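Colleague: I am new to this structure. Please take me closely through its aromatic rings and what surrounds them.

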Amino acid sequence: MPRIATMRSIVLDCPDPQALAAFYRELVGGEITYADEEWVNLRDGDTVILSFQLAEDHRPPTWPEPDVPQQYHLDVTVEESALEDAEQAVLALGARKHDVQPGDNWRVFTDPAGHLFCLCWD
């Protein structure tokens, strides 16, 4: 089936685009190819992995409570044998391990702006 469009980016609202881009650069790699006070692009080659947009009124999700829905979350894959090291690395970057851990093959964290992401393994 022919596609209508190609993926350009996933944009995360946040109170500090530069800081959150630095966090995700350490987490998933890539290079920061554009940055100003309100917007940062994190690229891997020609593909924008993530973009970060200033949102001064950003409210982190309260998942699993529905007051402020998560709206989305990111899943990143790690080798199961490297899970403990990966967890310590994301915590050192400023992530927080979420109190709710509902799965058997993923761990839930929040990034420094409160967005949810999971370290997953097979």
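Modeller: What follows starts with the whole chain and then moves to the rings.

This is a predicted model, in which local features need pLDDT of at least 70 and side-chain atom pairs count only at pLDDT 80 or more, while totals for chains, interfaces and linings use all residues. Residues are numbered from 1 along each chain as its sequence is written, and side-chain values use heavy atoms, with hydrogens and water left out.

Confidence comes first. pLDDT is the predictor's confidence in each residue, from 0 to 100. The protein has a mean pLDDT of 92. In 99% of its residues the value is 70 or more. Among the elements, β4 has the lowest mean, 89. Strand β6 (residues 96-97) has the highest, 97.

Now the layout. The protein has two helices and eight strands. These are DSSP runs, numbered from the N terminus: helices are H or I with at least four residues, strands are E with at least two. Along the sequence the pattern reads β-α-β-β-β-β-α-β-β-β. The radius of gyration is 15 Å, which agrees with the value near 14 Å for a compact globule of 122 residues. That radius is taken over C-alpha atoms, and the globule rule is 2.2 Å times the number of residues to the power 0.38. The C-alpha atoms fill a box of roughly 35 × 35 × 35 Å along the principal axes. Of the 122 residues, 35% count as buried. Buried means under 20% relative accessible area, exposed over 50%, and partly exposed in between (1.4 Å probe, protein chains only).

On to the rings. A pair of aromatic rings is described by the distance of the centres and the angle of the planes. Rings of Phe, Tyr and Trp (its six-membered ring) pair if their centres lie within 6.5 Å; planes under 30 degrees apart count as stacked, over 60 as edge-to-face and the rest as tilted. The structure holds five such pairs. One of them joins Y24 and F52. Their centres are 5.8 Å apart, with 25° between the planes, and the pair is stacked. It links distant parts of the chain: Y24 sits in helix α1 (residues 17-28) and F52 in strand β4 (residues 47-54), 28 residues apart. Y24 is buried, at 1% relative accessibility. F52 is buried too, at 0%.

F109 and F117 make another pair. Their ring centres are 5.6 Å apart and their planes lie at 20°, so this pair is stacked. F109 is buried, at 0% relative accessibility. F117 is also buried, with a relative accessible area of 0%. One aromatic cluster takes in F23, Y24, F52, F109 and F117.

What lies around these rings? In soluble globular proteins, nonpolar side chains tend to be buried together. A nonpolar core is a set of buried Ala, Val, Leu, Ile, Met, Phe, Trp, Tyr and Cys residues joined through side-chain atoms within 4.5 Å. The largest one here has 23 residues. Those that touch the most other members are L20, Y24, L27, F52, V90, F117 and L119. Two or more residues each come from β1 (11-14), α1, β3 (39-44), β4, β5 (74-77), α2 (83-93) and β8 (116-120). Helix α1 gives the most, with five residues.

L27 shows some of these links. Leaving aside neighbours within four places in sequence, L27 is in contact (heavy atoms within 4.5 Å) with V76, V90, L93 and F117.

S51 lies in strand β4. It is buried, with a relative accessible area of 1%. Beyond four places in sequence, S51 contacts S9, I10, V11, L12, W39, V40 and N41.

Next, the cysteines. C118 is buried, at 7% relative accessibility. C120 is buried, at 15%. The sulfur of C118 has its closest cysteine sulfur in C120, 5.2 Å away, too far for a bond. A disulfide is a pair of cysteine sulfur atoms within 2.5 Å, and by this rule the count is zero.

Last, the loop between β4 and β5. Most residues other than glycine have a negative phi, and most peptide bonds are trans. P64 lies in this loop. A cis peptide bond joins W63 and P64, with omega about 10°. Q71 is in the loop between β4 and β5 as well. Its phi is positive, near 70°. Q71 is exposed, with a relative accessible area of 69%.
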